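Hi everyone, thanks for coming. I'll put the structure up and then walk you through a few spots on it, so have a look first.

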Amino acid sequence: WCCYIPRKTIDIVGLLDDEMQIGDDIDYAYRLSKAGLNIVEIPVWFEHHQFRDSPHAPQDSEIIKRNAEYFRRKHGIK
């Protein structure tokens, strides 16, 4: 996740959630939306990772499941 987050946004929404092993970007986008803020994409950034070093490499399904459960509990989603 490469992004610019203004200080005033951090003051409103907070920082990324360290409890989430993956999906912290989804959680942050959800919190931005709940706060009535927008996400704007500026399509000028290019990032390249080798597959095994990438944060986007396949994840353990148990980690994904735990993070999904944590996200639902955190936001009161059934």
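Let me start with a question: which residues make a nonpolar surface patch of about 360 Å²? Take a moment to look for them. The patch is made by Val40, Ile42 and Val44. Take Val40 as an example. You'll find Val40 in the loop between helix H2 (24-34) and helix H3 (61-75). Is Val40 buried or exposed? Val40 is exposed, because its relative accessible area is 67%, and the cut-off for exposed is over 50%.

Before going on, a word about what we're looking at. This is a predicted model. There are three helices in the chain and zero strands, so if you read from the N terminus on, you get α-α-α. The chain has 78 residues, and buried ones make up 19% of them. The accessible surface comes to about 6700 Å², with 54% of that belonging to carbon and sulfur atoms. And here's one on contacts: if you take the ones between residues at least 6 apart in sequence, 54% of them join residues at least 24 apart.

Okay, now the charged side chains. Side chains of opposite charge can pair when their charged atoms come close. How many salt bridges does the structure hold? It holds four.

Let's begin with Arg7 and Asp11. These two form a salt bridge, with their closest N and O atoms 3.5 Å apart. Both sit in helix H1 (residues 7-13), four residues apart, and that's about one turn of the helix. Arg7 and Asp11 are both exposed.

Now move along to helix H2. Here Arg31 forms a salt bridge with Asp27, and the closest N and O atoms are 3.0 Å apart. How far along the helix are they from each other? About one helical turn, because Arg31 and Asp27 are four residues apart in helix H2. But what about burial? Arg31 counts as buried because its relative accessible area is 15%, and buried means under 20%. Asp27 is buried too, with a relative accessible area of 0%.

Asp27 has another partner as well. The side chain of Lys74 meets Asp27 in a salt bridge, 2.8 Å from N to O. Why is that pair worth pointing at? Lys74 is in helix H3 and Asp27 is in helix H2, so the pair ties together parts that are 47 residues apart in sequence. Lys74 itself is partly exposed, because its relative accessible area is 33%. And if you follow the salt bridges that share partners, Asp17, Asp27, Arg31 and Lys74 are joined into one network.

One last stop: Leu15. This residue is in the loop between H1 and H2. Leu15 counts as exposed, because its relative accessibility is 60%. Leaving aside neighbours within four places in sequence, which residues is Leu15 in contact with? They are Ile10, Tyr28 and Arg31. So Arg31 turns up again here: Leu15 is in contact with Arg31, and Arg31 is also the salt-bridge partner of Asp27. For a sense of distance, the C-alpha atoms of Leu15 and Ile5 are separated by 9.6 Å, and those two residues are 10 apart along the chain.

That's my tour. If you want to try it yourselves, start at Asp27 and trace the network through Asp17, Arg31 and Lys74. Thanks, everyone!

Key. Residues numbered from 1 in each chain as written. Predicted model: local features only at pLDDT ≥ 70, side-chain atom pairs only at ≥ 80, totals over all residues. Heavy atoms only, no water. Patch = residues over 30% accessible without salt bridge, like charges linked within 9 Å, V, L, I, M, F, W, Y side chains within 5 Å. Areas by Shrake-Rupley, 256 points an atom, 1.4 Å probe, with all protein chains shown as cover. Helix = DSSP H or I, 4+ residues; strand = E, 2+ residues; numbered from the N terminus. Buried < 20%, exposed > 50% of the residue type's maximum accessible area, 1.4 Å probe, protein only. Contact = heavy atoms within 4.5 Å.
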